[in-house]
Structures are given as structure tokens and as C-alpha cells.
Amino acid sequence: MIWNEKAECMSASEKEELQLKRLQVVVKKAYENVPYYRKRLDEAGVTPNDIQTLEDIEKLPFTTKSDLREAYPFGMFAVDTDDIVEIHTTSGTTGKPTVSGYTRKDLEIWGEVVARALSMAGGTKKDIVQNCYGYGLFTGGLGVHHGGQKLGCTVIPISAGNTQRQIEIIKDFESTIITCTPSYAMYIAEVLEREGVPKEDIKLKAGVLGAEMWTEEMRNEIERRLGIDALNIYGLTEIIGPGVANECMEKDGLHIFDDHFYPEIIDPKNLETLPEGEKGELVLTTLTREGMPVLRFRTRDITALQHGECACGRTNVKMDRITGRSDDMLKIRGVIVFPSQIERALLKIPGMEPQYQIIASRPQHMDELEVQVEASPNLFSDEVRHIEEVKRSIEKHIHDEIGLRVTVTLVEPQSLPRSEGKAVRVIDKRKLS
Ligand code: ZN
């Protein structure tokens with residue numbers, strides 16, 4: 001079912017006309033109401049009047065995560081806090097979180113796009129949505145909540161964790177749609193199997209899964225084991241939260257709700273816009289947000305756009321499944337990890353040099369992180385017991401830094417591969433492409 005046929009099946013010319021009109025308004029609002037944008041546009045010698053075509057968006061400067069961070073807490077708001085009715089933030093694991101403020105109209109837009117996403121999964125007001133995304137400052141929980149209610153579903157705000165209870169609710173409330181991370185869906189499947197609950201005995205028909213990268217193989221596995229259609233949802237707090245894009249039942253790319261979010265693909269190295277269909281970094285501009293308009297936000301997510309009408313009837317541009325990041329950032333079990341954090345942890349241990357390599361893998365469908373650390377020559381001549389102690393101490397320091405348990409392997413000095421003298425810090429074996 002298509003939730004909003006008018007918005008989702010527009011002709012290309014209608015869409016472009018609407019996008020341009022909205023872009024002109026949002027640039028003007030950002031320029032007039034957000035000192036940051038006024039300064040950046042002035043520096044670039046651009047005024048809102050310079051936006052005469054959609055291509056003119058390329059005249060605008062990019063916004064990065066650190067720009068948003070510097071504006072902490074409310075520096076990017078375009079309206080008075082009187083008009084902000086809800087606030088969310090990123091987790092802030094690597095510094096100050098970025099804050100997102102929503103007016104009442106922004107919440108309506110958010111509900112609208114998530115309602116479209118849930119409809120793509122076959123959702124109607126008859127459905128019972130078990131929302132296992134975390135509630136709180138994280139956008140996952142409340143974003144899906146607003147959309148589910150807009151669609152008229154019965155939303156169960158169970159939030160993340162407590163798998164036993166999740167299973168009880170799946171059985172007792174006969175939930176039909178589950179929303180969570182793909183790895184959590186996999187875990188629920190495992191627990192159901194362990195408890196001998198056949199998939200025929202549960203009423204789940206679809207999963208709207210996101211907040212981490214996943215593969216086609218994982219989709220097949222989740223679908224087979226839970227007996228559902230597993231669809232990919234995409235979004236980010238800086239833009240609105242979940243509901244920027246979602247897969248339809250064709251399962252061949254995610255429709256971006258491009259009447260609200262304008263996508264571009266750039267080369268992350270030279271920042272040039274790439275021709276249609278080429279793979280690069282996704283850049284998003286909010287076309288309708290009042291509380292916090294964001295112009296040309298660099299998502300760092302790598303994808304490509306597919307134009308044209310989809311077999312489902314929607315004309316919203318599609319993006320490929322995200323296959324990586326343009327920086328060294330890793331997302332492990334939904335938690336963002338930067339190599340610099342591992343480095344910081346190692347440097348807290350006296351005598352330890354930060355020569356390391358991070359290896360992400362996904363055995364048994366759950367992300368695992370191994371950190372190989374070069375030990376000093378004298379440590380290797382030491383007793384085994386001591387080596388074991390050092391290993392545990394490193395694991396503890398890393399855990400304190402990133403909040404995740406990792407396996408540390410001590411390797412011989414100078415044994416980690418180096419490329420042009422620089423260590424290769426991250427190896428991602430999860431085969432997400
Ligand atoms: Zn489609």
C-alpha cells in the first residue's frame with residue numbers, strides 16, 4: 001500500500017518544481033535565522049537569491065558533523081525554543097552530541113515519512129508494531145512511534161533490550177511488525193528457536209530494520225528464520241531520525257523521501273558532485289524542516305542513487321544499501337567506534353605504543369571487534385601470565401573508552417601491515433557491499 005500517493009508517485013517535473021520551491025524557502029530561512037548559515041553563505045559569496053535551479057545547490061557550503069557539534073546545544077535552531085516541542089541528540093560517544101530540535105510541524109513531517117516507511121512494509125492501522133528501538137534521546141524509538149501512530153497502528157513502546165519480555169509480547173500481543181536493528185532481529189529469531197517456538201506460531205509479518213549496516217545474506221537469514229519480510233530503514237538524527245529512506249517490497253534500494261530530503265552524491269575526496277548512478281558519499285539537505293534546517297549535510301555514508309519509477313509505483317529516488325563510510329568510522333552493534341578512541345585507550349597504558357589494527361567481523365550474524373596490538377619486544381620475552389594480564393588490561397581500557405567488549409590479541413612488534421609507513425587501522429571483514 002502507498003501511504004501518500006500524491007507525494008510518493010509524483011512525476012519528475014512535478015518533483016523538481018516542488019524541490020526547488022522548498023529549497024529556496026529553506027535556504028532563505030537558514031540564512032535569515034541561523035547565524036552559522038548566514039556567516040557560511042556570506043563567506044562563500046552566496047545569497048538565497050542565487051538558488052534559481054536545483055543545480056544551484058552546489059553553490060552552498062557543506063555542513064559537517066563537527067559544524068553541528070560546535071553549535072552545541074541550540075546554535076543551529078532556526079526558531080525560538082518556544083516553538084521547539086521535542087529534542088533528540090546523537091549518542092555523543094566521540095565528543096559533544098549533536099542536537100536536533102523539532103517544531104510541531106517537524107514532528108508531523110517525521111510522522112509522515114515514517115508512516116510511509118511502515119506502509120512499505122505492508123503496515124496499516126490493523127497492525128501491531130513492536131517498537132524495539134531505544135526510546136529517549138535516540139531518535140529510533142520516538143521516530144518510529146510518531147510514524148506508527150500517524151499510520152494508525154497500535155504501537156508497543158517496548159524499547160530495546162529484555163529479550164524474554166520481547167518474546168512474551170510477540171506471542172501475547174500478536175505483534176505483526178517489528179522495528180529494531182537487524183542484529184537484534186536475528187537474536188530474537190535465535191531465542192525463539194531455542195525456546196522451541198515455531199515461526200508459524202507468531203504473527204510477525206514484517207521487520208523494519210536499521211541503525212546499522214547489514215547485508216543481503218543477513219536479510220535472507222532473518223526472513224527465513226522469522227518468516228517475515230525484512231526491510232531496510234535509513235535515517236540520521238542530524239536530518240530528522242529514521243524515515244529519511246526505506247525499502248519497498250521490491251527490496252532493491254531504499255526510496256528517499258525526496259520531497260522532504262534532497263539527496264546528492266559527492267566524491268568524498270574532491271567534494272565534486274558525481275554523475276547519476278555513481279557511488280560516493282551521500283549528502284542531504286532538509287527541504288521542509290523548520291526547527292533545524294540543515295544544508296548539504298555530509299553523511300559520510302557511501303551509496304549510489306537510482307532514478308526512475310520503481311516497480312512498486314513510487315517515483316522517489318532510490319539509494320543503494322549503505323556499504324561503508326567515507327571516514328574510518330565503524331558501526332559495531334549500533335555503536336559508533338573511531339580508531340582514535342582505541343588509540344586513546346592504548347595511550348592510557350604506560351609503556352604501550354599505539355600500534356594497532358581493528359578488525360571488524362560478523363560471525364554468527366553479530367558484530368565482533370578484534371583489536372590487534374603490537375607488544376613491545378620486552379613484553380614478548382616476559383612470562384605468559386604477564387602477557388595475559390596486559391591483554392586484559394588493554395581490553396578493559398578499550399571497554400571503558402568505547403563501551404563495547406572487544407578481543408585483544410597481542411602480536412609481535414612491527415608485525416602489523418603498514419601502507420607507505422602508515423598503519424592500516426581498520427579492516428572491515430563484514431562484507432557489507
Ligand atoms: Zn519501490
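In the predicted model, the count of salt bridges comes to 31. Side chains of opposite charge can pair when their charged atoms come close. Several of these pairs involve helix H9, and they are described here in turn.

Glu-216 takes part in a salt bridge with Arg-219, in which the closest N and O atoms are 2.9 Å apart. Both residues belong to helix H9, which spans residues 216-226, and they are three residues apart, about one turn of the helix. The surroundings of the two partners may be stated separately: Glu-216 is partly exposed, with a relative accessible area of 33%, whereas Arg-219 has a relative accessibility of 1% and counts as buried.

Glu-216 also forms a salt bridge with Arg-321, with an N to O distance of 3.2 Å. Because Glu-216 lies in helix H9 and Arg-321 in the loop between strand E14 (318-319) and strand E15 (324-325), this pair ties together parts that are 105 residues apart in sequence. Arg-321 counts as buried, at 14% relative accessibility.

A further salt bridge joins the side chains of Arg-225 and Glu-221, at 3.5 Å from N to O. These residues are four apart in helix H9, so about one helical turn separates them. Arg-225 has a relative accessibility of 17% and therefore counts as buried, the limit being under 20%. Glu-221 is likewise buried, with a relative accessible area of 19%.

Salt bridges also link residues into a network, whose members are Lys-39, Arg-40, Glu-43 and Asp-67.

Notes:
Residues numbered from 1 in each chain as written. Predicted model: local features only at pLDDT ≥ 70, side-chain atom pairs only at ≥ 80, totals over all residues. Heavy atoms only, no water. Salt bridge = Lys/Arg side-chain N within 4 Å of Asp/Glu carboxyl O. Helix = DSSP H or I, 4+ residues; strand = E, 2+ residues; numbered from the N terminus. Buried < 20%, exposed > 50% of the residue type's maximum accessible area, 1.4 Å probe, protein only.
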